[in-house]
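This text walks through one structure, starting from a helix and moving outward to its surroundings. Please keep the sequence and the 3D view open while reading.

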Amino acid sequence: MKLNYKEQGAGPVIILMHGMFGSLSNLGNLGRELSTRYRVIAVDLRNHGGSPHDSTMDIASMAADIVELMDDLGVAVAGLVGHSLGGKIGMQVALNYPDRVKSLVVADIAPVDYPQSNDNVVQGLQALALEPLASRSDADRILSRFIEDKTTRAFILKNLHRNQSEDLVLKLNVDAIVANYNGNLTRAPNGNAFSGPALFVKGEKSAYIQEKHRPIIEHLFPNSELVVIDAVGHWLHAEKPGLFNDLVIGFLVQMAEQIDQSIVESRA
């Protein structure tokens with residue numbers, strides 16, 4: 001699948017992957033900072049943003065989309081940064097295509113199966129897809145019947161846009177998301193262990209990465225470290241963007257320095 005993407009900067013390639021219900025703008029703050037030293041490619045995952053819609057929606061297919069994009073752009077190897085669903089996809093790429101991944105950053109998700117969750121969000125999306133929308137405030141009113149939190153509603157409503165007929169509609173492929181949300185998309189990425197450098201970043205208040213997940217992370221990603229950002233939840237990159245960005249950039253710079261040093265030592 002040919003994903004929609006935005007590119008900025010020059011240098012080693014970093015690919016940014018957003019979470020469920022998001023778009024390439026979600027990691028825009030990080031992308032702008034990275035672009036001062038890297039070639040940053042932010043993507044819309046399939047069935048999100050400006051990317052094509054397809055009824056097939058599983059982690060393996062979405063990982064293959066990233067590799068196809070790399071092939072199309074002539075990118076042999078890249079650093080991957082993913083939040084939530086994007087982190088799962090990043091892990092799947094690393095596990096299945098290790099020679100294409102220079103380093104991996106996973107924000108607040110683990111390589112495990114997850115129980116059903118966020119059914120209210122899915123129900124809200126279905127309601128938005130079925131009812132005619134006169135305005136964004138009208139959409140917010142409909143969504144508030146399912147989602148109490150204003151911040152979550154605002155995040156979901158970023159997916160609204162006007163089509164060629166000037167109707168207000170969702171960019172998301174709601175049918176595909178509903179069909180796969182509590183099945184294919186909740187399953188763990190799988191494959192052979194990835195020996196490259198990996199950073200897992202957990203929000204202290206979030207339950208997506210738990211102590212019981214550490215052995216699984218260490219088994220699949222033996223060269224990984226886990227960092228916890230205090231006083232934030234699942235949206236850690238939005239709640240403390242400065243700290244999150246510093247962690248990601250610091251990790252990427254450190255990995256590059258280690259690679260350079262190993263080259264020097266091999267030539268000595």
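Which residue caps the N-terminal end of H2? The cap is Asp58, which has a side-chain oxygen 3.2 Å from the backbone nitrogen of Ala60. The model is a predicted one, and the distances below are computed from it.

Helix H2 covers residues 59-72. With 14 residues at 1.5 Å a residue, H2 should span 20 Å, and its end C-alpha atoms are indeed 20 Å apart. After the helix comes Gly74, with a positive phi near 70°.

Much can be said about how H2 is packed. Its buried residues are Ile59, Ser61, Met62, Ala63, Asp65, Ile66, Val67, Leu69 and Met70. Among the elements covering them are the strands E1 (5-8), E2 (13-17), E3 and E4 (78-83), together with helix H3 (85-96).

The largest nonpolar core has 63 residues, and those touching the most other members are Ile15, Phe21, Val43, Ile66, Ile89, Leu104 and Phe221. H2 gives the most to this core, with 7 residues. Ile66 is in contact with Leu3, Ile15, Met17, Val43, Ile89 and Val93, leaving aside neighbours within four places in sequence. Another core lies apart from this one; it has 23 residues, including Leu24, Ala42, Val81 and Val201.

Charged side chains come next. Side chains of opposite charge can pair when their charged atoms come close. The structure holds 10 salt bridges. In one of them, the side chains of Arg46 and Asp65 meet at 2.7 Å, N to O. Arg46 sits in the loop between E3 and H2 while Asp65 belongs to helix H2, so this pair ties together parts 19 residues apart in sequence. Both Arg46 and Asp65 are buried.

A salt bridge also joins Arg100 and Asp71, at 2.9 Å from N to O. Because Arg100 lies in the loop between H3 and strand E5 (101-107) and Asp71 in helix H2, the pair ties together parts that are 29 residues apart in sequence. Is each partner buried or exposed? Arg100 has a relative accessibility of 14% and therefore counts as buried. Asp71, at 46%, counts as partly exposed.

Lys2, Glu68 and Asp72 are linked in a network of salt bridges. Elsewhere in the sequence, Arg214 forms a salt bridge with Glu211, with the closest N and O atoms 3.2 Å apart. Arg214 is partly exposed, its relative accessible area being 32%, whereas Glu211 counts as exposed at 58% relative accessibility.

One further charged residue is found in the loop between strand E3 (39-43) and helix H2: Asp44. What is the nearest side chain of opposite charge to Asp44? That side chain is Lys171, 6.5 Å away, and Asp44 has no salt bridge although it is buried. A salt bridge requires the nitrogen and the carboxyl oxygen to be within 4 Å, so a distance of 6.5 Å does not qualify.

The side chain of Asp44 does have backbone nitrogens beside it. A polar atom of this side chain lies 2.8 Å from the backbone nitrogen of Leu24, and the side chain also reaches the backbone nitrogen of Gly50 at 2.8 Å. Not counting residues up to four places away in sequence, Asp44 touches Leu3, Asn4, His18, Ser23, Leu24, Gly49, Gly50 and Ser51.

Key. Residues are numbered from 1 along each chain as its sequence is written. This is a predicted model: local features need pLDDT of at least 70, side-chain atom pairs count only at pLDDT 80 or more; totals for chains, interfaces and linings use all residues. Side-chain values use heavy atoms; hydrogens and water are left out. Helices (H or I, at least four residues) and strands (E, at least two) are DSSP runs, numbered from the N terminus. Buried means under 20% relative accessible area, exposed over 50%, partly exposed in between (1.4 Å probe, protein chains only). Lys and Arg count as positive and Asp and Glu as negative; His and the chain ends are not counted. A polar contact is a pair of N or O atoms within 3.5 Å; within protein, one must be able to donate a hydrogen and the other to accept it, and residues adjacent in sequence count only if both atoms are side-chain atoms. Contact means heavy atoms within 4.5 Å. The expected span of a helix is 1.5 Å times one less than its number of residues. A nonpolar core is a set of buried Ala, Val, Leu, Ile, Met, Phe, Trp, Tyr and Cys residues joined through side-chain atoms within 4.5 Å.
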